[in-house]
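Student: I've got the model open and I'd like to look closely at one spot rather than tour everything. Could you start from a single residue and work outwards?

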Amino acid sequence: MNDESLQNTSEQAITPEKLNYLKELTQHYYNIDSLAKYMDVYRISKNDPEDFWNTIAERNFEWRKKWDSVLKWNPKKAEVTWFEGAQLNITENAIDRHLETRGNKTAIIWEPNDPEEKTLYISYNELSKRVNKMANVLKKNGIKKGDRVCIYLPMIPELAIATLACARIGAVHSVVFAGFSALALSSRINDSECKMLITADGSYRGSKSINLKGIVDEAMGDTPSIECVLVVKQTSSDIEMVKDRDIWLHDELNQVDDKCEAEVMDAEDTLFILYTSGSTGTPKGMVHTTAGYMVYTAFSFKNVFQYQENDVYWCTADIGWITGHSYIVYGPLLNGATTLMFEGVPSYPDYGRFWEIVEKHKVNQFYTAPTAIRALAKQDVEFVDKHDISSLKVLGTVGEPINEEAWNWYYENIGKRKCPIVDTWWQTETGGIMISPIPFVTPTKPTFATLPLPGIQPSLMDDKGEELKGNSVSGKLCIKHPWPSMARTVYGNHQRYIDTYFSAFENLYFTGDGALRDEVGYYRITGRVDDVIIVSGHNLGTAPIEDAINEHPAVAESAIVGFAHKVKGNALAGFVILKNEGESRDKQNLSKEINQLISSKIGPIAKLDRIHFVSGLPKTRSGKIMRRIMRKISSNEGDQIGDISTLLDPDIVEEIKEKVQPFL
Ligand code: 6R9
């Protein structure tokens, strides 16, 4: 099922009847409901990508004006345009066009942090009014097409509404995760010179209440471009409103109309900027444009989640990440779906909260991250079994490689062995899901993201810059042909875009990830190539080794890094979190058992020289393990670990230093 086999079975059978059938097939993108159809659609998309996207775009969206060219691509300059010449407004596609047929359908279900508080059900009619009103508030306060607006809000409806309000008037939104510090906020505001900041007086997260406005006031000391701070009343906490700068959203809303004409946008006008967390250097503002992003997020949402008209879909990500942009807001709303937004955390009031919400709203598609799955799997399964979660049809995962143990737990305890798991690989830069099973179509395999979506052409490269053909190979994951939702540039720094993504291999987009293609052509992501460790000349990805460690019944989670070794060049250090019942075990025996497991699953080459039992791992707030920090500490460079402002729990760094110290 890899590139080659797709190629080999192609053309011969394309008769005019077949061609019509294939064209029909692409008309309704939700049509991919068998493996044969997937193969057909994939083949058309590969043979003639422009014709393929032309058909998808033409038949499934509303345009003010059609395009003059589908794709223009200059790989040398890394310049790409999709649907050039077209005009549209994405909110007319995500909201207005649904009003006639789905006006009373719930667009957004909002589930508050506190289960005792009232759930909100926002219909498409109401969403339209609220977005239009907010758009008018932005206009009234001087925001025009092209202006950048920073949104620093917790997971409340105003967050989704603010992004759409920007899109309505052609302003560029830059959402900053509301867990970030004042410094992280101000540096992002300054990088793109945002004119307005939208925030709240405070926010709730589990049992905590956070003084969001206090963080904002601190950040505002150093953000000359901000002219106005629009404040949502959420916690009613006592805050200071700065004269001539801060205004309450509710006061403003009282003064505006609920109709706001949509700004007519060019296909390549910027829709939003989103900063990648970036483990090193300053954060990169990835720029996404209007038409291509719309087409691809809608198309991928429909297929990857197989959303049906009356389904309730829930993605647990924060809108501060790309996953929330593409698969809480735009993808679902473009398809007229009901999308659930949750303000809280999985552990509040207890670890059953996710399953309580699934039961309460009869959620059909559930999309979360491996880090959440592992945290939930550590708890008593009672938390799941108390709830009727039989409404679930499709389970998704994103953000990191999912280890086999977690995959199996998810499949058995949440999916009850009947829900396919879509392990979706993609990036902030790709805008949408790139490699993923299509549920009920692609047979799944634990830890494998399986096959590319139509229109996506992955390729694996070796260190010499040669493409690895055929199956059973592993290398650096690249993408061959442009796709509509790819980021167009790094805001204000196109050279950095070229250097990061288009200079490693000629004419290819380089993802920074390593992957293997198995004997049937399925892809498995093995981790960031920066994290790859070369031991005695062998390239070892982090994911497969961590996966082996996690299979030990006493282990909850693990991360491995390399450190310099006189003989091997590099040796491996493992950081292991034990399950509660593992804590009392003899650590020496445990270490032996873990290495035996690695030997049997990967080979003796991958055995760990050091094993540290720790209570946590340094993770970003979106759940990604920052191996760089453990690598520095293990190499006795603990004083050079750099920026840790995006860490969820910076205290863990000290514990790791203490554990590693005796080995240095
Ligand atoms: C969507 C998102 C991107 C990086 C990516 C990769 C890792 C994401 C994954 C996965 C293995 C998956 N990643 N999904 N690794 N399997 N299903 O997470 O975007 O925050 O930009 O991170 O996350 O390493 O390159 P972003």
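Here's my pick: is serine 174 buried or exposed, and what is its relative accessible area?

Tutor: Serine 174 is buried, at a relative accessible area of 1%; "buried" here means under 20%, "exposed" over 50% and "partly exposed" in between, using a 1.4 Å probe and protein chains only. Before going on, some ground rules: this is a predicted model, where local features need pLDDT of at least 70 and side-chain atom pairs count only at pLDDT 80 or more, while totals for chains, interfaces and linings use all residues. Residues are numbered from 1 along each chain as its sequence is written, and side-chain values use heavy atoms, with hydrogens and water left out.

So what is around it? If you skip residues up to four places away in sequence, serine 174 touches Val149, Cys150, Ile151, Ser192, Cys194, Ile273 and Tyr275, where a contact is heavy atoms within 4.5 Å.

Serine 174 belongs to strand E7; strands (E, at least two residues) and helices (H or I, at least four) are DSSP runs numbered from the N terminus. In a regular strand, side chains alternate between the two faces of the sheet. E7, residues 172-175, shows two directions: Val172 and Ser174 point one way, His173 and Val175 the other, and all of them are buried.

Now the strand partners. Two strands count as paired if DSSP finds at least two bridges between them. E7 runs parallel to strand E6 (residues 148-151), with four bridges between them, and cysteine 150 has serine 174 as its bridge partner in E7. To get from E6 to E7 the chain passes through helix H8, a right-handed β-α-β crossover; right-handed means that, with the strands pointing away from the viewer, the path from the first strand over the helix to the second runs clockwise. E7 also pairs with strand E14 (residues 270-276), again in the parallel sense, over two bridges. Opposite serine 174 in E14 you'll find isoleucine 273.

Follow that crossover helix and you reach another packing partner. H8 (residues 157-169) packs against helix H13 (residues 322-334) at about 65°, the axes being 10 Å apart. Axes here are lines fitted to C-alpha atoms, for helices over the stretch in contact, and angles between N-to-C directions run from 0 to 180 degrees. On the H8 side the contact uses Ala160, Thr163, Leu164 and Ala167, which meet Val329, Tyr330 and Leu333 of H13. Sorted by class, that makes six nonpolar residues, one polar and no charged ones; Ala, Val, Leu, Ile, Met, Phe, Trp, Tyr, Cys and Pro count as nonpolar, Asp, Glu, Lys and Arg as charged, and the others, Gly among them, as polar. H13 itself is mostly covered, with 13 of its 13 residues buried. After H13 comes glycine 336, with a positive phi near 65°.

Zooming out, there's the nonpolar core to consider, meaning a set of buried Ala, Val, Leu, Ile, Met, Phe, Trp, Tyr and Cys residues joined through side-chain atoms within 4.5 Å. The largest one has 144 residues, of which Trp53, Trp63, Phe83, Leu127 and Leu197 touch the most other members. Its top contributor is helix H12 (residues 290-305), with 10 residues. Leaving aside neighbours within four places in sequence, tryptophan 63 is in contact with Ala57, Glu58, Ala86, Gln87, Leu88, Ala291, Met294 and Val295. A separate core of 25 residues includes Phe366, Leu392, Leu395 and Cys419.

One backbone oddity sits in the loop between H12 and E16: glutamine 306. Its phi is near 45°, a positive value for a residue that isn't glycine. Glutamine 306 counts as buried, because its relative accessibility is 11%.

Strand E16 then takes us to an open sheet of seven strands, ordered E5-E4-E17-E16-E18-E19-E20, with mixed pairing. Strands E5 (120-123) and E20 (421-423) are at the edges with a single partner strand each, so one side of each has no neighbour in the sheet. From one strand to the next, the twist averages 20°. Within this sheet, E16 (residues 312-315) runs parallel to E18 (residues 365-368), joined by three bridges.
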